[in-house]
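Colleague: I am new to this one. Could you take me through it in short steps?

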Amino acid sequence: MEQIDAQQPGTQLLDTRQVSSRELLKDQKELLIVHNEQLYRLRETRNGKLILTK
């Protein structure tokens with residue numbers, strides 16, 4: 001897994017909220033997200049990657 005160093009110059013993550021995908025998905029493989037009245041699907045693949053589709 002790629003780690004991001006929020007202390008490194010050039011990154012703007014110091015004030016950005018961070019949530020683990022495990023916390024978002026719980027024990028499910030997908031999550032529906034409503035954004036600007038549009039429905040998106042966040043899905044974990046068999047290879048452990050995340051895909052966000054509209």
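The questions below go from the whole chain to single residues.

Colleague: Before the details, what kind of model is this? And what order do helix and strands follow along the sequence?
Modeller: This is a predicted model. The protein chain has one helix and three strands. Read along the sequence, the pattern is α-β-β-β.

Colleague: In what order do the three strands sit in the sheet?
Modeller: The sheet is open, and its pairing is antiparallel. The edge strands are E1 (30-35) and E3, each pairing on one side only. Neighbouring strands are turned by 20 degrees against each other on average, direction ignored. The order is E1-E2-E3.

Colleague: How many bridges join E1 and E2?
Modeller: The two strands pair in the antiparallel sense. Ile33 has Tyr40 in E2 as its bridge partner. The number of bridges between E1 and E2 is six.

Colleague: Which residue in the hairpin of E1 and E2 takes a positive phi?
Modeller: This hairpin has two residues between the strands. The positive phi is near 50 degrees. The residue is Asn36.

Colleague: How many bridges join E2 to E3?
Modeller: Strand E2 covers residues 38-44 and strand E3 covers residues 50-53. They run antiparallel. Leu42 has Leu52 in E3 as its bridge partner. The bridges joining E2 to E3 number four.

Colleague: Which residue takes a positive phi in the hairpin of E2 and E3?
Modeller: Here five residues lie between the strands. The positive phi is near 85 degrees. The residue is Gly48.

Colleague: Arg41 also appears in this part. Which residue in E3 does Arg41 stand opposite, and with which residue does Arg41 form a salt bridge?
Modeller: In E3, Arg41 stands opposite Thr53. Side chains of opposite charge can pair when their charged atoms come close. For the salt bridge of Arg41, the closest N and O atoms are 2.7 Å apart. The salt-bridge partner is Glu30.

Colleague: How far apart in sequence are the parts that this pair ties together?
Modeller: Arg41 is partly exposed, with a relative accessible area of 34%. Glu30 also counts as partly exposed, at 36%. Arg41 lies in strand E2 and Glu30 in strand E1, so the pair ties together parts that are 11 residues apart in sequence.

Colleague: Which residue forms a salt bridge with Lys29?
Modeller: The count of salt bridges comes to two. In the one with Lys29, the closest N and O atoms are 3.9 Å apart. Lys29 lies in the loop between helix H1 (21-25) and E1, while its partner is in strand E2, 15 residues apart. That partner is Glu44.

Colleague: Is Lys29 buried or exposed?
Modeller: Its partner Glu44 is partly exposed, with a relative accessible area of 27%. For Lys29 the relative accessible area is 54%. Over 50% means exposed, so Lys29 is exposed.

Colleague: Which residues form a nonpolar patch on the surface?
Modeller: Together they have about 300 Å² of accessible area. One of them, Val34, lies in strand E1 and counts as exposed at 64% relative accessibility. The patch is formed by Leu32, Val34 and Leu39.

Colleague: What share of the chain's residues is buried?
Modeller: The protein chain exposes about 5,600 Å², with carbon and sulfur atoms supplying 46% of it. Buried means under 20% relative accessible area. Of the 54 residues in the protein chain, the buried share is 7%.

Key:
Residues are numbered from 1 along each chain as its sequence is written. This is a predicted model: local features need pLDDT of at least 70, side-chain atom pairs count only at pLDDT 80 or more; totals for chains, interfaces and linings use all residues. Side-chain values use heavy atoms; hydrogens and water are left out. Buried means under 20% relative accessible area, exposed over 50%, partly exposed in between (1.4 Å probe, protein chains only). Accessible areas come from the Shrake-Rupley method with a 1.4 Å probe; for residues, only the protein chains shown count as cover. Two strands pair if DSSP finds at least two bridges between them. Axes are lines fitted to C-alpha atoms, for helices over the stretch in contact, and angles run from 0 to 180 degrees between N-to-C directions. Patches are made of residues with over 30% relative accessible area and no salt bridge: like charges are joined within 9 Å, nonpolar side chains (Val, Leu, Ile, Met, Phe, Trp, Tyr) within 5 Å. A salt bridge is a side-chain nitrogen of Lys or Arg within 4 Å of a carboxyl oxygen of Asp or Glu.
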